[in-house]
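This report looks at charged side-chain pairs and at nonpolar packing. The sequence and model are shown here, and the discussion follows.

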Amino acid sequence: MVSVLIVNDQSLQRLGLRMLLSAEPGMTVAGEAAYGTEAVRLGHTLRPDVVLMDTHASRTDGLETVRRIARPPRFPHPLEPTGTPGPRPRILVLTPAGHEEYAYAALHAGASGFLSEDATPDELTAALRAVAAGDAVISPALTRTLIDTVRRQDTAHPFPRNVDLDTLTGRERDVLVAVASGWSNAEIASRLSIAPTTVKSHVSHILTKIGARARVQAVAFAYESGLVRPAA
């Protein structure tokens, strides 16, 4: 069962998303938030699998909301529950056309995927399941413009300048190319003829070596480093 926290400042849109997700087998709505501080509090107390976040969430900076949900704070925060923190929710951001630079910044902040606001219901539920399973999701409608945005960044790189592809083994490069191509762990295992547990191990090693927090950042690194090039 995939639990989802809906973050959207439009009550009718929240209602529509709740109705859609509640009717989806194997999916449940953990809660709703209209603005960022509420999303942070519910994300930490309800601990959903995925936070479905609209870029227009009001009353607080959206990128700061992503950071606070995705990362444990260095110091206690009034909205943080006491006790040992559990796994952080993954974050799927709904992005309208023309907001690709926001998507890139949200990736840097810790988001796990991006989907265009005009996605179909089936695309949305599939993306939520993929993100919950640990896969990266980048909407095809946003991929090329997101890559172009990555290339334009001169001062805010999400990875250290000294990260080199030579730190990756040949098999890790193969896996990274597959991840950047949008393959799931199961698809990578099948196409590369390796066990799913081995895929997870390779992905974990890749993230550690390049200093990334999530698969979607590894996708950006694959393009930024030149390992993968966008189709013309």
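Arg-67 is partly exposed, its relative accessible area being 31% in this predicted model, and Glu-64, likewise at 31% relative accessibility, also counts as partly exposed. These two residues form a salt bridge in which the closest N and O atoms are 3.2 Å apart. Both belong to helix H3 (residues 62–70), where a spacing of 3 residues, about one turn of the helix, separates them.

The salt bridge between Asp-174 and Arg-171, with an N to O distance of 3.8 Å, lies within helix H7 (residues 170–180), and because its partners are 3 residues apart there, about one helical turn separates them. Asp-174 is partly exposed, with a relative accessible area of 37%, and Arg-171 counts as partly exposed at 33%.

A further pair joins two elements. Arg-18 forms a salt bridge with Glu-32, the closest N and O atoms being 2.4 Å apart; since Arg-18 lies in helix H1 (residues 11–22) and Glu-32 in strand E2 (residues 27–33), the pair ties together parts that are 14 residues apart in sequence. Arg-18 is partly exposed at a relative accessible area of 30%, and Glu-32 is partly exposed at 25%. Both residues also take part, together with Arg-14, in a network of salt bridges. The structure holds 7 salt bridges, and the pairs described above are set out below.

| Salt bridge | Closest N and O atoms |
|---|---|
| Arg-18 and Glu-32 | 2.4 Å |
| Arg-67 and Glu-64 | 3.2 Å |
| Asp-174 and Arg-171 | 3.8 Å |

Turning to the nonpolar packing, which residues touch the most other members of the largest nonpolar core? Among the 47 residues of that core, they are Ile-91 and Phe-114. Helix H10 (residues 215–224) supplies the largest share of this core, namely 7 residues. When residues up to four places away in sequence are not counted, Ile-91 touches Val-51, Met-53, Val-66, Ile-69, Ala-70, Ala-111, Ser-112, Gly-113 and Val-131. Another core, of 18 residues, lies apart from the largest one, and its members include Val-2, Leu-94, Leu-128 and Val-131. Val-131 is thus named both among the contacts of Ile-91 and among the members of this other core.

Definitions and conventions. Residues numbered from 1 in each chain as written. Predicted model: local features only at pLDDT ≥ 70, side-chain atom pairs only at ≥ 80, totals over all residues. Heavy atoms only, no water. Salt bridge = Lys/Arg side-chain N within 4 Å of Asp/Glu carboxyl O. Helix = DSSP H or I, 4+ residues; strand = E, 2+ residues; numbered from the N terminus. Buried < 20%, exposed > 50% of the residue type's maximum accessible area, 1.4 Å probe, protein only. Core = buried A, V, L, I, M, F, W, Y, C linked by side-chain atoms within 4.5 Å. Contact = heavy atoms within 4.5 Å.
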